[in-house]
Each structure stands twice: as structure tokens, then as C-alpha cells.
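Trainee: Please take me closely through one part of this structure, step by step, and explain each term as we meet it.

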Amino acid sequence: MKIFTKRLLTGRTFLTDKTVTVENGRITAITGGGPADFAVDVLTPGLVDLHCHGGQGFDPEQVAHPLPDFLAAMLRCGVTEVLLTLGAESLPVMRRALGVVKDAMQKQAAGQLPGTRIIGVHLEGPFLSPVRPGAMPPAALRIPSSAAYRELTQGYEDIIRQITLAPELPQAITLGQSQAAHGVRVQAGHTDADFSTARRAFDAGFTGLCHTFNACRPLHHRDPGVVAAALLDDRVTTECICDLVHLHPGTLQLIYKIKGADRMIAVSDSVATHGLCDGRYTFNGQGYIVQNGVSRCVDGTLDGGGVYLDGAVRNLQSVGIPAAEACRMASTLPAACLGLHRELTPGCLADCVAWSDDWRVQYVWQGGQLAVSNI
């Protein structure tokens, strides 16, 4: 298969008028011009979402699971891989959700479940600060310990790829350091950590900040807190919810100005209500209100993000971030956080998204196979 594109994202820049050759699921050559099976305006790597709870009514912590609809909707938006995120719930609920995800991953490995590829689990809880719970139910939060972590994850260790911890909690830094040593990516988040505590966590192997500014100790000129510690540390990657509601456009510009395109990643943080019509909904006994596409708890607290990653790419460009860097923040950079190489270069997996000039997803290929046509 050959794809001709007017603009091809390779590394940090766009190359013009290139033909990408795909054989056996991988890119084998990039050449100039020539006949092709497809002609598109823009071609980028597939989008990779490291923080996504669900959407289209799907939530892995629910009893009923419209999972195929959710995975199909994500793929239509150009998301070829997703790290499914579990929030803080009771131990039985979280373990049941881990079972749902593991079963889905096994079905995908057997070719029985199409859509966005699930690459593991992000545990956003239950080891979070009761001072900064965000939309998490405070009653579900727990004090971290190796024993509590084993109780939660035993039998599912192989699918845990990322965890978020509040580093100021007792034993949190020790737990984070231990998991980082086992190859799990560790983030600070839902945290009231001060500057010095956050720096100790980053020195111990925490490499990310969960949805920067949201559910974090606020940045203050005499109390800079975890946000300043993350922004100043070149080892730390900052997650950003790019729906222009969770973060003001000026805040996105600030993070970009400090972190640059190599330490700022776009996440959806989408939840079960994303993609549903405006109205009232109940999940896990909690009420939510969706209005103008934005989901909130009944007390007005912002819930999940309001766009999938295709919307994040458009929104990042709308605040002045160059298109190539906006695309990288939603594709190759989050993939690299998990040690995955997702570039459009020879030898790489052919997970590709074709966009129109106005940044609407037109085609999606997974492993060189056409999976979505929105034409």
C-alpha cells in the first residue's frame, strides 16, 4: 500500500509531497511523489491517549460495558492506542474493572475486538489526596502502601503501565519509587504536595504530573507547590487536558512556553459521559450533568475532559502552538512516555492518521490496515 500526502509529520517537522509505502503492517519506505493508493492532505502518527476513563457511555468500572462503541468512536477520532484509566472506587469495583480491561486486551490480541488498541491501565487512584480529590469520591481514597497496592493489583500486574499518586501521603514516594523500578510510569497527581515534597518525588522516579494545574495545590508566589516543581524539572512531563475548559488558553501557552514540545503531552481525561447528549446521568451511584459537552458532578466540580485527542490537536493550534508540535504532543510524545516508538519512519508500525487541511480526521490505519474512513 502507498499513501501520498502533501504534508508528512516526521520527527519534529512536516515534509512535503511524500509517498509512504507500507508492507506487512510497517512503513518500509518514504519517497517523493509517484502513484499511490490514497492521496491525503496531512499524515501523522496515530494518536496515543495516556489518560482516558471512557466515553460514549462506557466506563470500565460499570457493570454494563458498551466497550465496542467506545473503542470505535475513539478510533474515528484518530486515537490508535489508549491507556484506560481507572479512578478511585472501592477495591471490588476497581478489581472488577481491571478484569474488564484485561479481558478486552486478550480479545484484541485474538483479533476479536476492533477499535482503538488498549495498551494497559493507568491507575488514577485510590492513593490520592483527600484535600485534592477533584471528581473522585473521597470515601474511596486510601493511604498508599505496598500491601494495599498488592491487594488492588494482584493478578493484574502485567497490565498496569502507569499510576498516579499524591506524593505527600505516607509511603507514597516509597511506593512510587518501587513501581518505577519495575517499569511502571509514576505521576504525581490529585496532590497537595508542597514544592520540596514534589521535588523529592521527582528525584525518586516520579516522571509526570497528572492533568497539570487540575486537582493540584495552586501555584502561589510564596508557595509554588507541585506545579512549579514539575514545570521547572526537565525530567517531568506535564499532562494537559486541552478542552479549553479545564485550562485557560493562557495557561496552555504558559505550560508550552516553559516545557516546550518535548515535555508537554495532551490527554483527553474523557469519562463515560463524553460523547453523550446534554443531560443528567448516573454512574457508580454518582450524578453528573453534561451541558454544552462539558461534564460536571452535580456539585459543579469539573469531571472529565470535553474532547478526544483530535479536538485537543485543533485546540492546541488555536492557542498558537504549531501544528507539528500539537500533533507530537498527542502521538509520539505520550507513546515515548511508555517506551513506545511511534513515528512515521521506515521500520515503524504503520499506525497513521490522515487529516484534512482544517484538521478533521479522514482516514485511520492500524498496523497498515485501513480501519476508519470518515470520507
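**From a loop into the sheet**

Mentor: Let's start at glycine 34, which sits in the loop connecting β3 (26–32) with β4 (38–45). Here strands are DSSP runs of E with at least two residues, helices are runs of H or I with at least four residues, and both are numbered from the N terminus. Keep in mind that this is a predicted model, where local features need pLDDT of at least 70 and side-chain atom pairs count only at pLDDT 80 or more, while totals for chains, interfaces and linings use all residues. Residues are numbered from 1 along each chain as its sequence is written, and side-chain values use heavy atoms, with hydrogens and water left out.

Glycine 34 has a relative accessible area of 53%, so it counts as exposed (over 50%; buried is under 20%, and partly exposed lies in between, using a 1.4 Å probe and protein chains only). From its C-alpha atom to that of isoleucine 159, 125 residues away along the chain, the separation is 43 Å.

Now follow the strands on either side of that loop. They belong to an open sheet of 7 strands, ordered β3-β2-β1-β4-β16-β17-β18, with mixed pairing; two strands pair if DSSP finds at least two bridges between them. β3 and β18 (369–373) are at the edges with a single partner strand each, so one side of each has no neighbour in the sheet. At the β18 edge, strand β17 (residues 361–366) runs antiparallel to β18, and 4 bridges join them. Within that region, glutamine 366 faces glutamine 369 of β18.

Glutamine 366 also leads us to an open space. Gln366 is among the residues nearest the centre of the second largest pocket, together with Gln108, Leu113, Pro114 and Gly115, and 13 residues line this pocket. A pocket is an open set of points on a 1 Å grid over the protein atoms alone, with protein on both sides within 12 Å along at least five of seven lines, and lining residues have an atom within 4 Å of a point. This pocket holds about 250 Å³ of space; the volume is the space filled by probe spheres set on the points, which are joined across faces, edges and corners. Its lining divides into 6 nonpolar, 6 polar and 1 charged residues. In that count Ala, Val, Leu, Ile, Met, Phe, Trp, Tyr, Cys and Pro are nonpolar, Asp, Glu, Lys and Arg are charged, and the others, Gly among them, are polar. Helix α1 (residues 67–76) supplies the largest share of the lining, 3 residues.

Finally, look at the rings. Rings of Phe, Tyr and Trp (its six-membered ring) pair if their centres lie within 6.5 Å; planes under 30 degrees apart are stacked, over 60 edge-to-face, and the rest tilted. That rule gives 6 aromatic pairs. One of them is edge-to-face, between phenylalanine 38 and tyrosine 363, at 5.4 Å centre to centre with 65° between the planes. It links β4, which holds phenylalanine 38, to β17, which holds tyrosine 363, across 325 residues of chain. Tyrosine 363 is buried, because its relative accessible area is 15%. Another pair, phenylalanine 58 with phenylalanine 70, is stacked, at 5.1 Å centre to centre and 20° between the planes. Phenylalanine 58 lies in the loop between β5 (47–52) and α1, and phenylalanine 70 lies in helix α1, 12 residues apart. Phenylalanine 58 is buried at 0% relative accessibility, and phenylalanine 70 is buried with a relative accessible area of 0%.

Terms used
On a 1 Å grid over the protein atoms alone, a cavity is a set of points where a 1.4 Å probe fits but cannot get out, and a pocket is an open set with protein on both sides within 12 Å along at least five of seven lines; lining residues have an atom within 4 Å of a point.
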